Amino acid sequence: MTGTGRAGVRLTARGAIVMLFVITLVGMPFLPGPAFVAGCLAAVLLVRPRDLLPLVVTPPLVFFVAALLVELMRALSSGSMLQTFGLGMFTALSSGAPWLFLGSALALGVGWVRGLPDSLRELRGAPAPTPTPASRSRRGRVRTFDPEPEGYFEPRVYGKAADE
């Protein structure tokens with residue numbers, strides 16, 4: 001096989017997050033920490049470089065949701081469901097905290113090497129939205145409006161223009 005590019009699987013951020021969730025969920029009853037760290041590493045290595053930013057911020061949420069589902073399933077088969085669920089969540093989150101930090105730091109570190117700073121630069125350098133022609137007054141200035149009253153969410157502008 002010839003070629004200069006590296007062949008391989010490239011996932012979107014959603015695909016990598018789903019993969020991380022499945023790996024964590026499958027490993028949660030057996031070895032939750034190592035499974036989570038392995039899932040973080042696999043996800044950050046397989047995601048496309050432009051999708052690194054959404055991926056590196058989600059590992060804590062993925063770990064929490066996987067623990068929530070596993071402990072809910074365990075609690076359903078017990079006599080005292082609420083007590084079993086509460087104790088299970090406390091145990092899962094407290095014993096998994098070092099693994100959670102390690103997996104999150106690993107994802108952030110590998111993501112940084114793979115091009116996360118470029119994603120952050122792109123996010124910060126996004127151009128500001130341009131005013132629409134309807135928002136300009138007759139003299140060419142951009143019109144500003146009083147803020148909407150709290151509780152109203154209709155798609156119309158309240159108040160008088162500040163330059164009138």
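Visitor: Which residues in H5 are buried?

Guide: First, a caution: this is a predicted model. Now a general idea. An α-helix has 3.6 residues a turn, so residues three or four places apart point the same way. Turn to H5. Its buried residues are Gly88, Met89, Ala92, Gly96, Leu100, Gly103, Ser104, Ala107, Val110 and Gly111.

Visitor: What covers the buried residues of H5?

Guide: Several helices take part. The cover includes helix H2 (32-46) and helix H3 (52-56). It also includes helix H4 (59-76) and helix H6 (116-124).

Visitor: Where does the kink in H5 lie?

Guide: Helix H5 spans residues 81-114, and the kink is at Ala97. The bend there is about 55°. The proline Pro98 follows shortly after the kink. Then look just past the end of H5. There Gly115 has a positive phi of about 125°.

Visitor: Is Glu71 buried or exposed?

Guide: Relative accessibility decides this. The cut-off for buried is under 20%. Glu71 has 7% relative accessibility, so Glu71 counts as buried. Glu71 sits in helix H4.

Visitor: With which residues is Glu71 in contact, leaving aside its neighbours within four places in sequence?

Guide: Those residues are Phe85, Gly88, Met89 and Ala92. Look back at H5: Gly88, Met89 and Ala92 are buried there.

Visitor: How do I read a pair of packed helices?

Guide: Two packed helices are described by the angle between their axes and the distance between the axes. Take helix H1 (residues 13-27) and H2. Their axes come within 8 Å and cross at roughly 165°. Angles over 145 degrees count as roughly antiparallel. H1 and H2 are therefore roughly antiparallel to each other. Their crossing is right-handed.

Visitor: Which residues make the contact of H1 and H2?

Guide: H1 supplies Ala16, Met19, Leu20, Ile23, Thr24 and Gly27. H2 supplies Pro32, Ala35, Phe36, Gly39, Cys40, Ala42, Ala43 and Leu46.

Visitor: How many residues of that contact are nonpolar, polar and charged?

Guide: Eleven are nonpolar and three are polar. No charged residue is in the contact of H1 with H2.

Visitor: What does the secondary structure of the whole protein come to?

Guide: The protein has six helices and zero strands. Along the sequence the pattern reads α-α-α-α-α-α. The protein has 164 residues, and 29% of them count as buried.

Visitor: What share of contacts joins residues at least 24 apart?

Guide: Start from contacts between residues at least 6 apart in sequence. Of those, 62% join residues at least 24 apart.

Conventions. Residues are numbered from 1 along each chain as its sequence is written. This is a predicted model: local features need pLDDT of at least 70, side-chain atom pairs count only at pLDDT 80 or more; totals for chains, interfaces and linings use all residues. Side-chain values use heavy atoms; hydrogens and water are left out. The bend at a residue is the angle between axes fitted to the seven residues ending there and the seven starting there. Helices (H or I, at least four residues) and strands (E, at least two) are DSSP runs, numbered from the N terminus. Buried means under 20% relative accessible area, exposed over 50%, partly exposed in between (1.4 Å probe, protein chains only). Contact means heavy atoms within 4.5 Å. Axes are lines fitted to C-alpha atoms, for helices over the stretch in contact, and angles run from 0 to 180 degrees between N-to-C directions. Angles under 35 degrees count as roughly parallel, over 145 as roughly antiparallel, 65 to 115 as roughly perpendicular and the rest as oblique. A crossing is left-handed if the near helix is turned anticlockwise from the far one by less than a right angle, and right-handed if clockwise. Ala, Val, Leu, Ile, Met, Phe, Trp, Tyr, Cys and Pro count as nonpolar, Asp, Glu, Lys and Arg as charged, and the others, Gly among them, as polar.
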